[in-house]
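Here are my notes on the model you sent over, set out as numbered points. Have it open beside you as you go through them.

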Amino acid sequence: MKVLVTGANGQLGKCLQKHSKKFPEIEFFFESSQTLNITSEEALTQFFNTHQPDFCINCAAYTNVEAAESEEKLAFQVNSEAVKTLAETCKTKNTKLVHISTDYVFDGLKHRPYLETDSENPINIYGASKLQGEVMISETMDRFFIFRTSWLYSEFGHNFFNTILKKADERAELNITTEQIGTPTNANDLALFILNLITENSNVFGLYHYSNQGEATWYDFARLILEEKQLEQDVHLKATFSYPTKAKRPKYSVLDKTKVEEAFNYKVPHWRESLVGLLKEVNSEGFRS
Ligand SMILES: NC(=O)C1=CN([C@@H]2O[C@H](COP(=O)(O)OP(=O)(O)OC[C@H]3O[C@@H](n4cnc5c(N)ncnc54)[C@H](OP(=O)(O)O)[C@@H]3O)[C@@H](O)[C@H]2O)C=CC1
Ligand SMILES: Cc1cn([C@H]2C[C@H](O)[C@@H](COP(=O)(O)OP(=O)(O)O[C@H]3O[C@@H](C)C(=O)[C@@H](O)[C@H]3O)O2)c(=O)[nH]c1=O
């Protein structure tokens, strides 16, 4: 089986690269923004003609929530228009598409975990562009999986987990918001889940919610990182209700995982266990980025 991973040098792409070694039966093509720019229809067509992948895992995205507010055109170009072209290419070439979306498609006004059937209502440009990408896929093709996830972190790249560890190293005072409730999700869990789904050649296509189990504020997330690193005495961690940002963010964005657990007979790990597991792993092996 041939699997194309786009945006392969991003956080999720790197987690897929790391875990790909456990799946020797798959021939992987890990393509970065330099080697396969998904906004180029010509580049996509050429790649698909040459390699004819069975699956495409689309990790390519515009993910800077703050900058998207002033770069709307670029956010929509990557997260929506390019995704439409990618879906059309997949359909023509009979390639199944695995696409990643976000909890930020919701407005956060609900007080119970969001279901796949709940109405979307993004409150920032990034969320709007990602929702538009989902629509493009479902209007274009049938053989797709869209996984909405949230608050992804890992040892790779730019994410809240690495930001907190860096600030802790600098012994900076940390002011962290309690204004949002959601679920931190270990990108390694999502990567492994996707790779297993591909090997099983599952055909229960559609839209699913996949984040870790449980709920937290960003403050809770930062606190557990510091506790597990035994840094809570050295770093001054302060809960702040409001941390000023350009983009609005949903106040509540916990995702309901019932559908994904039932469809794939899979138990989603709890965010606390996953975070503790990753910290143990990076402590023993050191950082890779
Ligand atoms: N990070 C998070 O907290 C969450 C992420 N998601 C979604 O998960 C997916 C993976 O996110 P994550 O790995 O964290 O994001 P990253 O920002 O780490 O990675 C995105 C990658 O996409 C690449 N890319 C950007 N534009 C293009 C393009 N035109 N063609 C090809 N590649 C491109 C980037 O390359 P370059 O750096 O060279 O531009 C980067 O390597 C995304 O769809 C995101 O929306 C969902 C919920 C939470
Ligand atoms: C760095 C920092 C952030 N914050 C706040 C700002 C914000 O409300 C929240 C998280 O900030 P970040 O900028 O790290 O995260 P943010 O860009 O909001 O993360 C989002 O990224 C996109 C791609 C997604 O799809 C979402 O699921 C989500 O993970 O924490 C603090 O309170 N203190 C701090 O020191």
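1. The sheet first. In this predicted model, six strands make up an open sheet with parallel pairing, and their order is β2-β1-β3-β4-β5-β10. At the edges you'll find β2 (27–31) and β10 (206–209); each has a single partner strand, so one side of each is left without a neighbour in the sheet. Going from one strand to the next, the twist averages 20°.

2. Now pick out one pair from that sheet. Strand β3 (residues 55–58) runs parallel to strand β4 (residues 96–102), and the two pair over four bridges. If you want a place to start looking, find Phe55: it stands opposite Lys96 in β4.

3. Which strands does helix α1 lie across? Helix α1 (residues 11–20) lies across β1 (2–6), β2, β3 and β4, and its direction is at about 155° to β2. Helix α5 (residues 125–140) covers β4 and β5 (144–149), lying across them at about 155° to β4. So β4 turns up under both helices, as part of the set for α1 and as part of the set for α5.

4. Next, a helix pair. Helix α2 (residues 41–51) and helix α4 (residues 72–93) have axes that come within 10 Å and cross at roughly 25°. Angles under 35 degrees count as roughly parallel, and α2 and α4 are therefore roughly parallel to each other. The crossing of α2 past α4 is right-handed.

5. What do those two helices bring to their contact? From α2 come Glu41, Leu44, Thr45 and Phe48, and they meet Thr85, Leu86, Thr89 and Lys93 in α4. Sorted by class, this contact has three nonpolar, three polar and two charged residues.

6. Last, ligand 2. Which residues come nearest to ligand 2? Of the 19 residues around it, they are Val65, Thr102, Phe160, Thr177 and Tyr243. Both α6 (160–169) and β7 (174–177) supply at least two residues of the shell around ligand 2, and β7 gives the most, with four residues.

7. As for the make-up of that shell, the classes around ligand 2 are nine nonpolar, eight polar and two charged residues. When you look at the site, I'd begin with β7, given its four residues in the shell, and then go on to α6, which supplies at least two.

Technical notes: Residues numbered from 1 in each chain as written. Chains lettered and ligands numbered in written order. Predicted model: local features only at pLDDT ≥ 70, side-chain atom pairs only at ≥ 80, totals over all residues. Near = placed C-beta within 6 Å. Nonpolar A, V, L, I, M, F, W, Y, C, P; charged D, E, K, R; others polar. Axes fitted to C-alpha atoms, helices over the stretch in contact; angles between N-to-C directions. Parallel < 35°, antiparallel > 145°, perpendicular 65-115°, else oblique. Left-handed = near helix turned anticlockwise from the far one by under 90°. Contact = placed C-beta atoms within 7 Å. Pairing = 2+ DSSP bridges.
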